[in-house]
Number of protein chains: 2
Amino acid sequence: MHGISLDRYDLAILSALQKNSALTNSELGERVSLSPSQCSRRKARLEAEGVIKGYSARLDATSLGFGLRAITRVNLKAHGESMDDDFVTLLTKHAMVREAYSVSGDADYVLHIIAKDLTAFSDFIHHHLLPHPNVTQVRSEIILRSMKEEQGLPVEGG
Amino acid sequence: MHGISLDRYDLAILSALQKNSALTNSELGERVSLSPSQCSRRKARLEAEGVIKGYSARLDATSLGFGLRAITRVNLKAHGESMDDDFVTLLTKHAMVREAYSVSGDADYVLHIIAKDLTAFSDFIHHHLLPHPNVTQVRSEIILRSMKEEQGLPVEGG
DNA sequence: TCCTTTTGCGCACATTCTATGCACTATTTG
DNA sequence: CAAATAGTGCATAGAATGTGCGCAAAAGGA
């Protein structure tokens, strides 16, 4: 923590906005027992301090035709800054790779992939990921069902 | 797709709002070449149809003291509706488990966990997850670094 | 093809919301 | 303790939203 101090009002605001950022300052104020103008000011401060990084619409995958999600674990042959950069550039170029983490454990990277269907997913794996010169192993788990999906961080304040 | 038809304006609106839902209708209109009022109407329609599920603030983990993220894979001993329900109830009860997916592959479930620190994470694993009667195996990968994090779905529209 | 109906559009504007000055209160600092 | 600073709600100017309206465009039917 870099000296940013958040009181219980801040935390309640953050929690409420993480769940629903379309709340008006008035609605927010009702939830956290502050006036609308104070909510506006605190919100602005939290934005300025980078605690709130931004706001996003949450979209329905099915409506948009995205029928497949997968968690894909990748191992690389060798590591070095340019090698990893090259691999990461590949990931960055493909919109279906939504998240990519370097991890400790069996795998080097864990990817979260969202594709239209199995064909699109398979195409990416076989035509782009596996042929990459530094990729030695790719293991994918298709998401069958989502049991829990909470937005963002475990902030409690509401 | 349930007969919802989205034209290129809709897709552009969705893409823009997924990236930044704080855009005014006026700003949005500039991006997609429609009037502010038309943006307002389309947005309302997309919300009513469930294509837009809601809006969320994106919060900075470090500012809020969350220093550890992990991808945790879990295997269960036996499966059945009541057994899985019991396990899922456990996951639902713990705010640090942000996502939980039933998957095909080596593991039965993949969890995305966000904790304050290693102690909190380890506490959950050792005091809650591993002791669960139906849990046979737990393998965790700590996220060392995020290489890519795109919000939501790979919607392209401008 | 033409005519009718339906849908989508921007304009204008009433209503709602936001952001900020102000005066007061509460908290912190020296 | 007094002075300075920070936080607060009220009031309000300006910005934004949402909706009626008339027109244009698209769809449907003969």
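Trainee: What makes the side chain of B:Ser35 a polar contact of DNA strand C?

Mentor: The model is predicted. In it, a side-chain N or O atom of B:Ser35 is 2.6 Å from a phosphate oxygen of DNA strand C. The cut-off for such a pair is within 3.5 Å. The pair therefore qualifies as a polar contact.

Trainee: Which part of DNA strand C does B:Ser37 reach with a polar side-chain atom?

Mentor: A base nitrogen, at 3.1 Å. B:Arg42 places a polar side-chain atom 2.6 Å from a phosphate oxygen of DNA strand C. Two or more residues of the surface near this strand come from each of α3 of chain A and α3 of chain B.

Trainee: Which element gives the largest share of the surface near DNA strand C?

Mentor: α3(B), with four residues. The residues around DNA strand C include A:Thr24, A:Asn25, B:Leu34 and B:Gln38.

Trainee: How many residues of each class line the surface near DNA strand C?

Mentor: One is nonpolar, seven are polar and three are charged. Arg counts as charged, and A:Arg41, B:Arg41 and B:Arg42 are among the residues around DNA strand C.

Trainee: What share of the DNA strand C atoms within 4 Å of the protein belongs to sugar or phosphate?

Mentor: For DNA strand C, 54%, with the rest in bases. For DNA strand D, sugar or phosphate accounts for 51% of the atoms within 4 Å of the protein, and bases for the rest.

Trainee: What does the side chain of A:Ser35 approach in DNA strand D?

Mentor: A phosphate oxygen, which lies 2.7 Å from a side-chain N or O atom of A:Ser35. The bases of DNA strand D are reached too: a polar side-chain atom of A:Arg41 lies 3.1 Å from a base oxygen. For B:Arg41, the distance from such an atom to a base oxygen of DNA strand D is 2.7 Å. The elements that give two or more residues to the surface near DNA strand D are α3 of chain A and α3 of chain B.

Trainee: Which element leads the surface near DNA strand D?

Mentor: α3(A), which supplies four residues, the largest share. A:Leu34, A:Gln38, B:Thr24 and B:Asn25 are among the residues that surround DNA strand D. By class, the surface near DNA strand D has one nonpolar residue, seven polar and three charged.

Trainee: How do you know how the two copies are related?

Mentor: A turn of 180° and a shift of 0.0 Å along the axis lay chain B on chain A, with an RMSD of 0.0 Å. The two copies are therefore related as by a two-fold rotation axis. In chain B, the C-alpha nearest that axis belongs to B:Ser56, at 2.7 Å.

Trainee: Why say that the copies meet through the same surface?

Mentor: Because 99% of the interface residues of chain B are also interface residues in chain A.

Trainee: What is unusual about the phi of A:Ser33?

Mentor: Its sign. Most residues other than glycine have a negative phi. A:Ser33 is not a glycine, yet its phi is positive, about 60°. B:Ser33 also has a positive phi of about 60° without being a glycine. A:Ser33 sits in the loop between α2 (25-32) and α3 (36-48) of chain A, and B:Ser33 in the loop between α2 (25-32) and α3 (36-48) of chain B.

Trainee: Is A:Ser33 called buried or exposed, and why?

Mentor: Exposed means over 50% relative accessible area. A:Ser33 has 58%, so it counts as exposed. B:Ser33, at 59%, is exposed as well.

Trainee: Why is A:Ser102 called buried?

Mentor: Buried means under 20%. A:Ser102 has a relative accessible area of 16%, so it is buried. A:Ser102 lies in strand β3 (residues 97-103) of chain A. Beyond four places in sequence, its contacts include A:Asp108 and A:Tyr109, and from chain B, B:Ile142, B:Leu144 and B:Met147.

Trainee: What puts the buried residues of α2(B) on the same side?

Mentor: The buried residues are B:Leu28, B:Gly29 and B:Val32. They cover an arc of only 100° around the axis, so they share a side of α2(B). They pack against α1 (8-19) and α3 of chain B.

Trainee: Which exposed residues sit on the face of α2(B) turned away from its buried side?

Mentor: B:Glu30 and B:Arg31. After α2(B) comes B:Ser33, with its positive phi near 60°.

Definitions and conventions:
Residues numbered from 1 in each chain as written. Chains lettered and ligands numbered in written order. Predicted model: local features only at pLDDT ≥ 70, side-chain atom pairs only at ≥ 80, totals over all residues. Heavy atoms only, no water. Buried < 20%, exposed > 50% of the residue type's maximum accessible area, 1.4 Å probe, protein only. Least-squares fit on C-alpha atoms with pLDDT ≥ 70 in both. Contact = heavy atoms within 4.5 Å. Near = heavy atom within 4 Å. Polar contact = N/O pair within 3.5 Å; in protein donor to acceptor, adjacent residues only side chain to side chain. Arc of directions from axis to C-beta.
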